[in-house]
Amino acid sequence: MIYSGAGALRADLSALVELDDASVYERLLLDAGVRKLLERMYGNWDLTTAGQSFRREVTAELIQALSSTG
């Protein structure tokens, strides 16, 4: 956390989740407790100023799967 010049508290939070199987996240959403926490988080998140990035590891398997020659 850092303080802005005006003295107000501002948080800069980054989260990284690495999944070998992306369906794990989808199954996690089926848990009512997790859904309740995510609802609170997303409900209080100012998405007009938030950024989002998606990164994918490029592996030989991925290249082969996406290749028309594979």
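I took a residue as buried when its relative accessible area is under 20%. By that cut-off, I found that buried residues make up 3% of the 70 residues in the protein chain. I note at the outset that this is a predicted model.

**Entry 1: confidence.** I looked up how far the predictor trusts the coordinates. The protein chain averages a pLDDT of 76, and 79% of the residues score at least 70. Among the elements, α2 has the highest mean pLDDT, 87, while strand β1, residues 2–3, has the lowest, 48. Where pLDDT is low, the predicted coordinates should not be read in detail.

**Entry 2: layout.** I recorded 3 helices and 2 strands in the protein chain. Read from the N terminus, the order of these elements is β-β-α-α-α.

**Entry 3: surface.** I noted an accessible surface of about 7200 Å² for the protein chain. Carbon and sulfur atoms account for 55% of that surface.

**Entry 4: nonpolar patch.** Which residues form a nonpolar patch on the surface? I listed Val-17, Leu-19, Val-24, Tyr-25, Leu-28, Met-41, Tyr-42, Trp-45 and Leu-47. Together they have about 850 Å² of accessible area. I then asked which element gives the most to this patch. The answer is α1, with 3 residues. Both α1 and α2 (32–44) supply at least two residues each.

**Entry 5: negative patch.** I also found a negative surface patch, formed by Glu-18, Asp-20, Asp-21, Glu-26 and Glu-57.

**Entry 6: the loop between β2 and α1.** I examined three residues of this loop, beginning with Glu-18, which lies between β2 (9–10) and α1 (23–28). Is Glu-18 buried or exposed? I classed Glu-18 as exposed because its relative accessible area is 70%, and the cut-off for exposed is over 50%. Leu-19, a member of the nonpolar patch, lies in the loop between β2 and α1 too. Leu-19 has 40% relative accessibility, so I entered it as partly exposed. Ser-14 is also placed in the loop between β2 and α1. With a relative accessible area of 69%, Ser-14 is therefore exposed.

**Entry 7: a pair separated in sequence.** I looked up how Ser-14 stands to Gly-51. The two are 37 residues apart in sequence, and their C-alpha atoms are 9.8 Å apart in space.

Conventions:
Residues numbered from 1 in each chain as written. Predicted model: local features only at pLDDT ≥ 70, side-chain atom pairs only at ≥ 80, totals over all residues. Heavy atoms only, no water. Patch = residues over 30% accessible without salt bridge, like charges linked within 9 Å, V, L, I, M, F, W, Y side chains within 5 Å. Areas by Shrake-Rupley, 256 points an atom, 1.4 Å probe, with all protein chains shown as cover. Salt bridge = Lys/Arg side-chain N within 4 Å of Asp/Glu carboxyl O. Lys, Arg positive; Asp, Glu negative; His and termini not counted. Charge placed at Lys NZ, Arg CZ, Asp CG, Glu CD. Helix = DSSP H or I, 4+ residues; strand = E, 2+ residues; numbered from the N terminus. Buried < 20%, exposed > 50% of the residue type's maximum accessible area, 1.4 Å probe, protein only. pLDDT = per-residue confidence, 0-100.
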